Amino acid sequence: MDKMTALRKIAKGKGNVQLCEVPIPEVGSGDILMKVYAAGVCGSDLLIQDDKHFYKAPVTLGHEFSGIAYKIGSNVKKVKEGDKIVADIECGKGRWLGVTIDGAYAPYMLVPEDVVYKVPEHVSLDHAALAEPIVATHHLIQERAQVKVGDDVVVVGPGPMGVMCVQYAKLCGARRVFLIGLKNIDELRLSIGKKVGADYILYSEEEPEKAVLEITNGKGAEFVLECSASEKGVQHAINCARKAYEGQGGKGVIVFISLWGKKITVNLDEVSLGQLDIRGSWSWNGKETWEHAVDLLDRGVFNLDPMITNHYTLEEWETAFENLRARKDLKALIHPNGKTWAD
């Protein structure tokens, strides 16, 4: 049986992530063997490495990806060999590609036909590798937050999701978008956020809520998107949201997409007093959301090139992970078949 090298979480506990030799998957009648072009490095991968995120070991990591249909099963109808593809990572109850079942940090990956989506030929595979973050952003901003024309939006945390949220909020017609980050550590990420549409860059160390209230004439933001995964970020979100101390509530909505991996302490008094809405956003609405994401890729509505800050081989995974931890990258791609695509 032919073998390949894969990056795997091999056992429970902190660490336990390493390159392993595994068999190339065999294609079932309803499966597609994808040749992986790129797999995005995600903060969830780091949480799995640290044992702070759900997973099922042993498992090949990598849940943001693009590639081509290399081999297809006898009953597959949606795509043909050579098509560019992406896939929903949810494959049924408890089955998450790159989390509980084998993912994209390997040259080849098995995906069921029912979660595969064909990508238009003109869309680059680099851009297609951001399909999953686009899906998560669409769910956050359209299916959970419903940002509207004229809304003020605060994005806390200039990571990949935060910067994508900046773009999507502007696409939805937000009046002003504020992006909050750390003054020294987030310099690269904040500059990218400004490039792709943030109207105001604010620093966590300088009481950004005061600036938000001043610029909005004391109103605050209709929507605050918390993407920082920090305790201080949650407090910023509460403090920046539009309050309704009398009458009808729900003027300010906070949506969490972060995972903290630990307990945090925040002051929630203003949630009650200001009648704020707090919503979680983790998954998506299945096929409907993925079809929207592929359409957005097709129409090229996002400026994705500034977001992709580095490319790594599979053997360079440790550097890729460490650079994400150090915020030296925004969105890095790992190329299991090499940095230059080759059939």
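These numbered points describe a predicted model of one protein chain, from its overall dimensions to its sheets, helix contacts and two backbone details.

1. Overall form. The protein chain holds ten helices and 16 strands. Its C-alpha trace extends about 65 × 40 × 35 Å along the principal axes. For 343 residues a compact globule would be expected to have a radius of gyration near 20 Å, and the value of 20 Å found for the protein chain agrees with that.

2. The three-stranded sheet. One open sheet is built from three strands in the order S2-S1-S4, and its pairing is antiparallel. Its edges are formed by strand S2 (17-23) and strand S4 (59-60), each of which pairs on one side only. Strand S1 (residues 3-9) is joined to S4 by two bridges, and these two strands run antiparallel. Within this part of the sheet, lysine 9 is placed opposite valine 59 of S4.

3. The loop leading to S4. Two backbone features deserve a reader's attention in the loop between helix H1 (43-49) and S4, where proline 58 lies. The peptide bond that runs from alanine 57 to proline 58 is cis, and its omega is near -5°. Aspartate 51 is also found in the loop between H1 and S4, and its phi is near 65°, which is a positive value in a residue other than glycine.

4. The six-stranded sheet. A further open sheet has six strands with parallel pairing, arranged in the order S11-S10-S9-S12-S13-S14. Strand S11 (200-203) and strand S14 (277-280) are at its edges and have a single partner strand each, so one side of each is left without a neighbour in the sheet. From one strand to the next, the twist averages 20°. Four bridges connect strand S13 (residues 253-256) with S14, and the two run parallel; valine 255 has arginine 279, in S14, as its bridge partner.

5. Helices lying across that sheet. Helix H5 (residues 187-195) lies across strand S10 (176-181) and S11, and its direction makes an angle of about 175° with S10. Helix H7 (residues 231-240) lies across strand S9 (152-156), S10, strand S12 (223-226) and S13, and runs at about 175° to S12. Strand S10 is therefore a place where the two descriptions meet, since H5 lies across S10 and S11 and S10 is also among the strands that H7 lies across.6. Helix H6 beside H7. Helix H6 (residues 208-215) packs with H7 at an angle of about 20°, with their axes 9 Å apart. The two helices are therefore roughly parallel to each other, and H6 passes H7 in a right-handed crossing. On the H6 side the contact is made by Pro208, Glu209 and Val212, and on the H7 side by Gln235, His236, Asn239 and Cys240. Sorted by class, the contact of H6 with H7 has three nonpolar, three polar and one charged residues.

7. Helix H3 against H4. The axes of helix H3 (residues 131-144) and helix H4 (residues 160-171) come within 10 Å and cross at roughly 55°, which makes H3 oblique to H4. The crossing in which H3 passes H4 is right-handed. H3 contributes Pro133, Ile134, Ala136, Thr137, His138, Leu140, Ile141 and Gln142 to the contact, while H4 contributes Met161, Met164, Cys165, Tyr168 and Ala169. By class, the contact of H3 with H4 has ten nonpolar and three polar residues, and no charged ones.

8. Helix H3 against H9. H3 also packs with helix H9 (residues 287-299), at an angle of about 115° and with the axes 9 Å apart, which makes H3 roughly perpendicular to H9. The crossing of H3 and H9 is right-handed. From H3 the contact involves Ala131, Glu132, Ile134, Val135, His138, His139 and Glu143, and from H9 it involves Glu288, Thr289, Trp290, His292, Ala293, Leu296 and Leu297. The residues of the contact of H3 with H9 divide into seven nonpolar, four polar and three charged. Ile134 and His138 of H3 appear in the contact with H4 and again in the contact with H9.

Terms used: Residues numbered from 1 in each chain as written. Predicted model: local features only at pLDDT ≥ 70, side-chain atom pairs only at ≥ 80, totals over all residues. Heavy atoms only, no water. Axes fitted to C-alpha atoms, helices over the stretch in contact; angles between N-to-C directions. Parallel < 35°, antiparallel > 145°, perpendicular 65-115°, else oblique. Left-handed = near helix turned anticlockwise from the far one by under 90°. Contact = heavy atoms within 4.5 Å. Nonpolar A, V, L, I, M, F, W, Y, C, P; charged D, E, K, R; others polar. Pairing = 2+ DSSP bridges. Rg over C-alpha atoms; globule rule 2.2 N^0.38 Å.
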